[in-house]
Amino acid sequence: MAAAQPSRHMCRVAGPRLSNTPCRPALHPAPLGHCSPAAFGPVTSHSFSTTAAPTAAAEGVRVTIHYVGTLDDGQVFDSSEEDKGGDPLVFDVGEGRMIRGIDNGVRGMTVGESREIRCEPADAYGERDPQGVQTVEVSKLPDDVKAGDQLQTPQGQRVTVTKVEDGQATVDFNHPLAGQALNFSVKLIACAEAPQVTVTTLSPGDGVTFPSKGDSLTMHYTGSLAATGAKFDSSVDRGMPFKFTIGVGQVIQGWDKGVMKMSVGEKARLEIPSDLGYGERGAGERIPPNADLVFEVELLKIN
């Protein structure tokens, strides 16, 4: 989780979380803001399906896997530690929050099946780019930054500080595993229907200009708890629109999914289940665990 430091160009990445481990095949850091949608998401009621739960991994299916990741020399760089009672990895196939090799590699697996998946650099963290190593002024980084620290850019990209000297810091934008072929031993534990965001248009936009991953958006929102209708935050009340980059994990998954469906000028109601918001952990005193949330939002500007 990244600490909020809006006055700086980069922010420090705190201690590792399961979903934020840099070597993990996942690509979904979700830093918290105060009570903005960078911290919250919406849903009023769940839709219950009478169809059987899926038994195979496919586009749009939520999968649960255990895995061990090794390099070609046999070194284990990451593991869900099934043998030690570790937590499995859960993700929605096709959502783009995993490296491509894993997202594609699990497709077609059935519950209980094990599979060896090899990811070449192009399907993992890419080749190392010498231009990805850059020098920046220390004043643009968090206080007391030192070599070895991991930082997060406003676009959600993680970088590693490799050197600090004479007011300058060398930062490496390459992933630590860039240029490496990765081997995964994967076991599919479970499949389920992926939770969905409901988007209801309240006032249409231009119907032409929609966000793309990496776009900078400016929005107004009012968020409330689905169960009680209690309002927990509103940019409208503050008179200050909310700005963020979509599709890179700066906001909860419910926003990344739902806002993508809106065009410029549109006002909409987003209903997001807790799984796409804050899930079991909740957020502070105003968002309890497992809370479905509702947002009324307006997409003011793209880029």
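**Around β9 and its hairpin**

T160 stands opposite D172 in β9. This is a predicted model, where local features need pLDDT of at least 70, side-chain atom pairs count only at pLDDT 80 or more, and totals for chains, interfaces and linings use all residues. Residues are numbered from 1 along each chain as its sequence is written, and side-chain values use heavy atoms, with hydrogens and water left out.

User: Why is D166 called exposed?

Analyst: Its relative accessible area is 73%. Exposed means over 50%, buried under 20%, and partly exposed in between (1.4 Å probe, protein chains only). So D166, at 73%, counts as exposed.

User: What makes β8 and β9 a pair?

Analyst: Two strands pair if DSSP finds at least two bridges between them. Here there are five, in the antiparallel sense, so β8 and β9 pair. Strands themselves are DSSP runs of E, at least two residues, numbered from the N terminus.

User: And how do you know that β6 pairs with β9?

Analyst: Five bridges join β6 (residues 133-137) to β9, so the cut-off of at least two is met. These strands run antiparallel too, and T135 has T170 as its bridge partner in β9.

User: How many residues of β9 are buried?

Analyst: Four of its five, so β9 is mostly covered.

User: What is notable about phi in the hairpin of β8 and β9?

Analyst: That hairpin has two residues between the strands, and D166 takes a positive phi near 50 degrees there, although D166 is not a glycine. N290, also not a glycine, has a positive phi near 60 degrees; N290 lies in the loop between β15 (267-272) and β16 (293-302).
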